[in-house]
Amino acid sequence: MTHHSLRTATPSAVLRETKSSPVPGTGPVIGRALHILGAFTAQHPHLSLSELARRSGLPVSTVHRMLGELLAWGALERDAQGRYRIGLRLTSVA
């Protein structure tokens, strides 16, 4: 995807492009973050660390490291059971 097409692409198109990354755990940090965020669905709104790693195709260590940043920014929240969900800050940006 070119710079121009990124500006005009829908978020789901960018996510699809990112999901086709050939080697999980490599590439731009934003791509890995999108893999993690893309793991959440209406059917799976709460996910554990291991579920996020499996559904995103990224190593557990990478997901764990990135969750700290996503939590700090407010893109994700952690519930009392230790499961993750989309955070209020991300929904307000959308």
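## Starting at the C-terminal helix

Ser 92 is exposed, with a relative accessible area of 58%. Ser 92 sits in helix H6, and so does Val 93, in a helix that runs over residues 88–93. Val 93 also counts as exposed, at 57% relative accessibility. Keep in mind as you look around that this is a predicted model.

Which residue can you use to place this end of the chain in space? Ala 75 serves for both Ser 92 and Val 93. Ser 92 and Ala 75 are 17 residues apart in sequence, with their C-alpha atoms 9.7 Å apart. For Val 93 and Ala 75 the separation along the chain is 18 residues, and the C-alpha distance is 9.4 Å.

## The overall layout

Stepping back, the protein chain holds six helices and two strands. Walk along the sequence and you meet them in the pattern α-α-α-α-α-β-β-α.

The chain has 94 residues, and 32% of them count as buried. Its accessible surface comes to about 6000 Å², and carbon and sulfur atoms contribute 60% of that. If you take the contacts with a separation of 6 or more, 35% of them join residues 24 or more positions apart.

## The nonpolar core

The largest nonpolar core has 16 residues. Which of them touch the most other members? They are Ile 36, Phe 40, Leu 52, Val 63, Leu 67, Leu 70 and Leu 76. The elements that supply two or more residues to this core are helix H3 (29–37), helix H4 (49–56) and helix H5 (60–73). H5 gives the most, with four residues.

Leu 67 is a handy residue to click on here. Beyond its neighbours within four places in sequence, Leu 67 is in contact with Ile 36, Leu 49, Leu 52, Leu 76 and Tyr 84.

## Helices H4 and H5

In H4, the buried residues are Leu 52, Ala 53 and Ser 56. They lie on the same side of H4, because the arc they cover around the axis is only 100 degrees. An α-helix has 3.6 residues a turn, so residues three or four places apart point the same way. The buried residues of H4 pack against H3, H5 and E2. Just after H4 comes Gly 57, which takes a positive phi of about 80 degrees.

H5 has 14 residues, and at 1.5 Å a residue it should span 20 Å; its end C-alpha atoms are indeed 20 Å apart. Its buried residues are Thr 62, Val 63, Met 66, Leu 67 and Leu 70. H3, H4, E1 and E2 are included in what covers them. Just after H5, Gly 74 takes a positive phi of about 100 degrees.

## Two salt bridges

Side chains of opposite charge can pair when their charged atoms come close. How many salt bridges does a search of the whole structure find? The search finds two. One of them joins the side chains of Glu 51 and Arg 83, at 3.1 Å from N to O. Glu 51 lies in helix H4, while Arg 83 is in the loop between strand E1 (76–78) and strand E2 (84–86), so this pair ties together parts that are 32 residues apart in sequence. Arg 83 is partly exposed, with a relative accessible area of 28%.

Another salt bridge links Arg 85 with Glu 77, where the closest N and O atoms are 3.2 Å apart. Are its two partners buried or exposed? Arg 85 is partly exposed, at a relative accessible area of 27%, and Glu 77 is partly exposed too, at 23%.

## A proline in the H3–H4 loop

One more stop is Pro 45, found in the loop between H3 and H4. Pro 45 counts as partly exposed, at 37% relative accessibility. Leaving out residues up to four places away in sequence, Pro 45 touches Phe 40, Tyr 84, Arg 85 and Ile 86.

Pro 45 and Tyr 84 are 39 residues apart in sequence, yet their C-alpha atoms are 8.1 Å apart in space. Two of the residues that Pro 45 touches appear elsewhere on this tour: Tyr 84 is also in contact with Leu 67, and Arg 85 forms the salt bridge with Glu 77.

Note on methods: Residues are numbered from 1 along each chain as its sequence is written. This is a predicted model: local features need pLDDT of at least 70, side-chain atom pairs count only at pLDDT 80 or more; totals for chains, interfaces and linings use all residues. Side-chain values use heavy atoms; hydrogens and water are left out. A nonpolar core is a set of buried Ala, Val, Leu, Ile, Met, Phe, Trp, Tyr and Cys residues joined through side-chain atoms within 4.5 Å. Buried means under 20% relative accessible area, exposed over 50%, partly exposed in between (1.4 Å probe, protein chains only). Contact means heavy atoms within 4.5 Å. Accessible areas come from the Shrake-Rupley method with a 1.4 Å probe; for residues, only the protein chains shown count as cover. A salt bridge is a side-chain nitrogen of Lys or Arg within 4 Å of a carboxyl oxygen of Asp or Glu. The arc is that of the directions from the helix axis to the C-beta atoms. The expected span of a helix is 1.5 Å times one less than its number of residues.
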